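The following account leads the reader through a multi-chain model, beginning with the arrangement of its chains and ending with its aromatic rings. Please keep the sequence and the structure at hand while reading.

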Amino acid sequence: MGGIGLAGLVAVVEAAPRTGLVDERYLPPFSAMVAALAEQGATAEFWQSLLETLRGWAAGLTIAMAAGVVLGILIGAVPLVRAALNSTIEFLRPIPSVALIPLAVLLFGTDMRSTLLLVVYAAFWQVLVQVLYGVQDVDPVARETARSYRFRPLTQVRTVIWPTALPYVMTGFRLSAAVALILEITGELIIGSPGLGKQIAVAQTSGAVASMYALVIVVGLIGVAVNVAARAIERRALRWHPSIRREAAS
Amino acid sequence: MASLDPQGGGVVSAARRILLLLAVPVLLVAAWWTATADSTNFFWPPLSQIAGTFGETWFTGRFADDVLPSLARLLAGYLVAVALGVGLGTAIGSSPALRGLLEPVLEFFRAIPPPVLVPILMLFAGIGNGMKVLVIVSGCVWPVLLNTVEGVRALDEVLRDTARSYRMRRRSRLIHLVLRGASPQIAAGARQALSIGIILMVISEMFAASNGVGFTIIQFQRSFAIPQMWTGIILLGLIGIALSMIFRWAEARLLRWYTGLRMSQREG
Amino acid sequence: MTTTPVGAAARPESTTTMLDVRALKKVYEGRGRSVEAVRDLTFTVGSGELVCIVGPSGAGKTTLLRCIAGLLDSTSGEVVLEGERVTGPPRGMAVVFQEYGRSLFPWMTVRQNVELPLKEKKVPKAGRRRLVEDALEAVGLSDVHGAHPWQLSGGMQQRVAIARAVAYEPHLLLMDEPFAAVDAQTRADLEDLVRSLWRRLGVTVLFVTHDIDESVYLGERVVVLSNSPTVVLEDVVIDLPDERDQLTTRSLPRFAELRAHVYELVQRAKSGQRPAPQSA
Amino acid sequence: MTTTPVGAAARPESTTTMLDVRALKKVYEGRGRSVEAVRDLTFTVGSGELVCIVGPSGAGKTTLLRCIAGLLDSTSGEVVLEGERVTGPPRGMAVVFQEYGRSLFPWMTVRQNVELPLKEKKVPKAGRRRLVEDALEAVGLSDVHGAHPWQLSGGMQQRVAIARAVAYEPHLLLMDEPFAAVDAQTRADLEDLVRSLWRRLGVTVLFVTHDIDESVYLGERVVVLSNSPTVVLEDVVIDLPDERDQLTTRSLPRFAELRAHVYELVQRAKSGQRPAPQSA
Amino acid sequence: ACGGGQTPSAGPGTSSSAGSPAGATTVKVSVIPIIDVAPIYLGNQQGFFAEEALKLELVSAQGGAAIVPAVVSGQVEFGFSNFTSLIVAKSKGLPLKVVAPGAGSTGAQGKDFGGVVVKADSPLKSAADLAGKRVAVNTLNNINDTTVRASIRAAGGDAKNVSFTELAFPDMLAALDQGNVDAAQVVEPFLATAKKNGDRVIASNYVDTAPDLTIAGYFTSQQTATAKPDLVKRFTSAMRKSLKYATDNPDAVRKVLLTYTKIDPALTGSLTLPKYPAEITSQSLETLSKLAVQDGLIQTAPDLSGLLP
Ligand SMILES: Nc1ncnc2c1ncn2[C@@H]1O[C@H](COP(=O)(O)OP(=O)(O)OP(=O)(O)O)[C@@H](O)[C@H]1O
Ligand SMILES: Nc1ncnc2c1ncn2[C@@H]1O[C@H](COP(=O)(O)OP(=O)(O)OP(=O)(O)O)[C@@H](O)[C@H]1O
Ligand SMILES: O=[N+]([O-])[O-]
Ligand SMILES: [Mg+2]
Ligand SMILES: [Mg+2]
């Protein structure tokens, strides 16, 4: 099913330059991108870059998820903390990672830690906000059940708050996975830490349009793969949730 | 807790709210202030110096020339993104088949970084305001879209059955069931989109811009006007706070039923 | 203790058939767990009849109702309503769900909840207003129009759901334990409300209940279901006078007889007894 | 028709006081709508007593229970449990909520739902296992351990919630219309389950019900509430023998008397009658 | 010939020469992977840095936003930048020191490695015609717009109301094609691509600004310069050798490009290489500084001698 959608996209990208809808010097047909990709795929540098990107992305995403979930639950579950931190969060959240680049470089130079900082900073908020909304979604009767049996705070988190917030967390994961990937690539591109982004940048400054899009396709496919994985996890972890229940039944 | 007398309670709780609202920011600003007080680091100027340049940086012409155009583009992009995200998200959330078809394509585009996406957008949208609005849309739409999809999918089955059994027409089912039911989660997405919108407002002004907050910040950054750059970052944060306050006001109105429902049994 | 166990064919009045449930079977398929909720249900309901359904908890009453309402696809067999096979919710039907709390729109006030289906039915504004007010009045909730469902007690929520169905003036009314959450006195009032509505509008009613007295008091027939996997254990005709009244009817000897008979059936159902090969 | 309306002070056995509800008042404050759910409730419950509460729908029974459970702050007045003022859920309490469906965690299986509070109570694994199995067996659900709540019928869900409370072996058991969704036979079984549990464990039980027969059959006392804003209309002592049995007890003349008395009280409550200045 | 701008440009991170001696000092240099820095790659290949007991680590970045803080904080020892950026930085009080030249204009009108191009059918004929037009530059308020203005003034035009639009080099030709801008200031390899497309070069802005304009160079922080004078000396010396080698071996330059850029190999032959000067002419700096003041990039000219070694 999803294959059909992607095939449609491929067809459009192939046809648009061929029919002159866009100039193929600026957007080459899909086949040219694939040819360039094949060429890239033959180099060790490409695979090395891919690995670097995946590594930086995974590290950043993991840190952001962990911090976002833990802090989200802490802040969300304690109304007082939430009220106290609201304005601070709102202040920090819209500060773009790109504005932080000089500071990141100042702290960590141009190696991957600078990029990691940007990735974590940008991805963290996505998770945090989702968790905050998720925590708020706890059914009052479920919460009272937990309270009446005097569940310890940690048990309440584990058995009531976490499962309720889980659908939100999954969405947060999907959002932050993409943002992390974007910032990883952007960081590599601007700061020059190793990875696919740097390859993209080199292709751009070299005017190698097809190569550039070939790399972009790889980035896009990483995004698609992440989503497939997220959906698979979701089908297992949210088996009880109405959204999965219904679709499993039909 | 419950025995506070109502009049006194109002004053006390208002004072408490203000205290809660300001305590942490005041502490943080104080910490920043003292930590940088004798800073000689070029990139970490004293906060006093930053505060000193704030007014002249932003309120001597730049407000109208840079801040307002940015906010206008942000508003346009944000509204389009929310409309698009809710519309598309409702369709995708209601139809597993459509979701299967479109999701991979959307996920593909979602992973493309703006520095790569923007040149493509420029091929179709030129380099004017339209392009910048489009850049904002291209980033803001995702949290709204994803959350709408999930919110629609998660609708209560009994409510769904109720609507079906009364043969509610497509339109009213959409308005009275689907959108309202998904609205808490849509709000989560719209909230996310707000700050992402501000970020993309900055990013969009890195391309072919000649005015705007983001443009100005980048110019400061490149010309090593570091205190001014910091004022820009602070301005973004303040814009974030202001917009989120507006957002929360609207959200509290639209989701009054939800807060009531969720809180109803915490303290009646 | 004489009762007349009768098949659907032998129903006293030969009205036109409204509903025809034929060899209905429903198996819930789940990962690992597959439950045969309903094995083989066959019965008919005449137009304008009021039929009660009783059976052990978990027998499949709700499942049956949802199949009839066109909300659930059966595994095999079919439901025919006014000559047409049910594939989706039919026109002019109202359902009171067992999960009354979840069937009310929390973002709407009580009034809006009751009014919405009428709007859908394109009832003009003035008529709508009257219907809503009458219905809420009838269930004893004239003073909570503006409240949201979650501000109401359980019984009040249930009555809102009933008011919504009543205001809708359906042809076919399906009620799944609609009075479970209300007090005895209100329950009696609501029973009379259903009876009067039924008589006034000629609506066909399927009424699931656990209260055996209630089933006998309300119904023209009581269909007793076996325990799961479910078949019809007996279709009891309630030959009480049409004009019923909480005091007199319930004190009739025939009422006690019928009541005892149904009670015994339910007990047998619960203990696992199943009918002889009667459905062949 | 002679019954003995007695105040709390005149309770037959002078057990130690477990629960003391004093001038309890609860006003729900909402935007625009402020509802005085409970005006002035005063009564006590002795340790190990089984007290039923009946009253019109919307009278504030659930509100009362939630105040006693420490889940809701009262507007004024207080609830004292074993000498201590209730400010949060006390130790050793179990509640069966009226919204049984929403009180089960959909992400857990039936077994996990029942087991969780026991884990929290640090019951060792073997004991937990036995308690869970016994409780599910007692409510007639030994075969659905692995199912999720949403795969069960309404009545089955309700029984899971009961099993959870029963397995917990609480000192104080609060039940809010716990049998509303089960069939007559199961209901009778569950009534006997509660009675036997009560006698075996000496647990104090507060039992909200709409079924007047049930309240009389189960309780040592029946507290009848007025309609909203609520006060105690009457505190009826049920002077039936301690050893109760569905058939014999229910056919006692005294049972019929008490039943009729409570019924009449509920009817009076519904019609708006309030007690004379007795709570001063 | 690039600002500290947002050109997305980076290249293979590190490339160290074969056979650097064991006791070599590791030195990190942050560069923008464009043809301007070919000499350092080439010199590294040739072992000029190893000769000075330096083990080179080339870190590529996109521009000043990343390079300057890295140098100032000592995360890297040296960086590459255009001089206008350095002049601006200096004027803001950043403690920087230029240690070696990097790249400069060829000085040949119409045959420089950067210039202003218009579409073949454009009515614009010379820099003077750019008055009132939209011109794409890769970084606003930097070397390219100031030199284009200088070019216009040199051609007798009015430089006041040119409207510059910031676009990344790779996006300029598309924007030019679609009429979003009237002209674009491009450098190689985009200049070669533009010519191939049939676009016309109407001005060589670097040539018009000054003869033999040195455009960019390598710099370090004052702190590093003071603390490690010997390291700076060795780097400068190796850099000079590299620049000289590059000037003498243009074919080797074209070849080394293929190791750190993705420029189409078919195109490398037609690229115009910049000049790789052996010395920084302080005159170039003065010219650029004057332009920066004139165009309002900075208020007052900094002390240029403090910038130079
Ligand atoms: N969604 C579902 N998935 C799996 N099994 C289900 C589902 N819904 C119901 N069942 C099973 O089908 C059987 C019949 O359920 P149903 O709800 O129809 O019973 P019921 O007669 O309405 O019971 P009650 O009187 O308790 O409401 C039960 O065994 C139940 O576990
Ligand atoms: N969260 C709430 N907000 C506002 N009003 C409420 C809320 N909860 C209950 N009420 C009101 O308080 C009154 C008592 O409600 P409660 O649920 O205690 O009644 P109840 O005796 O349990 O009724 P039932 O038998 O129908 O369950 C009702 O009028 C109800 O509308
Ligand atoms: O934080 N971002 O720059 O996207
Ligand atoms: Mg049911
Ligand atoms: Mg209640």
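No contact (heavy atoms within 4.5 Å) joins chain D and chain E, and their closest C-alpha atoms lie 48 Å apart. Chain C and chain E likewise do not touch, with 49 Å between their nearest C-alpha atoms. Of the eight pairs of chains that are in contact, chains A and B share the most contacts.

The model is predicted, and local features need pLDDT of at least 70, side-chain atom pairs count only at pLDDT 80 or more, and totals for chains, interfaces and linings use all residues. Residues are numbered from 1 along each chain as its sequence is written, chains are lettered from A and ligands numbered from 1 in the order in which they are written, and side-chain values use heavy atoms, with hydrogens and water left out.

The contact between chains A and B merits a fuller description. It takes 76 residues from chain B and 72 residues from chain A. The area buried between the two chains is about 6,600 Å², and carbon and sulfur atoms give 64% of it; buried area is the accessible area (1.4 Å probe) that two parts lose on being put together, summed over both. Phe108(B), Arg153(B) and Arg262(B) supply 10% of the area that chain B buries against chain A, more than any other three residues.

Charged and polar groups also meet across this interface. Between chain B and chain A there are eight salt bridges, each defined as a side-chain nitrogen of Lys or Arg within 4 Å of a carboxyl oxygen of Asp or Glu. The side chains of Arg231(A) and Glu103(B) meet in a salt bridge, at 2.7 Å from N to O. Several helices of chain B each supply at least two residues of the side that touches chain A, among them helix H1 (6–36), helix H4 (96–110) and helix H10 (226–254); helices here are DSSP runs (H or I, at least four residues) and strands likewise (E, at least two), numbered from the N terminus. H10(B) gives the most to this side of chain B, with 13 residues.

Within chain A, helix H7 (residues 140–148) is largely enclosed by the rest of the structure, because eight of its nine residues are buried. Buried means under 20% relative accessible area, exposed over 50%, and partly exposed in between (1.4 Å probe, protein chains only). The buried residues of H7(A) include Pro140(A), Val141(A), Arg143(A) and Glu144(A). Their cover includes helix H8 (153–191) of chain A, helix H11 (256–263) of chain B and, from chain D, elements including helix H1 (61–68) and strand E6 (93–96). At the start of H7(A), a side-chain oxygen of Asp139(A) reaches to within 2.7 Å of the backbone nitrogen of Val141(A). Arg150(A), which follows H7(A), has a positive phi, near 55 degrees.

In chain C, Ser142(C) lies in the loop between helix H4 (125–138) and helix H5 (154–167). At 40% relative accessibility, Ser142(C) counts as partly exposed. Leaving aside residues up to four places away in sequence, Ser142(C) touches Leu136(C) and Glu137(C). Its C-alpha atom is 9.7 Å from that of Arg111(C), 31 residues apart along the chain.

Finally, the whole structure holds 28 aromatic pairs over all chains. Rings of Phe, Tyr and Trp (its six-membered ring) pair if their centres lie within 6.5 Å; planes under 30 degrees apart count as stacked, over 60 as edge-to-face and the rest as tilted. Phe124(A) and Trp125(A) form an edge-to-face pair, 5.0 Å centre to centre with 65 degrees between the planes, and both residues are buried. In chain E, ring pairs link Phe49(E), Phe78(E), Phe80(E), Tyr218(E) and Phe235(E) into a cluster.

Technical notes: A polar contact is a pair of N or O atoms within 3.5 Å; within protein, one must be able to donate a hydrogen and the other to accept it, and residues adjacent in sequence count only if both atoms are side-chain atoms.
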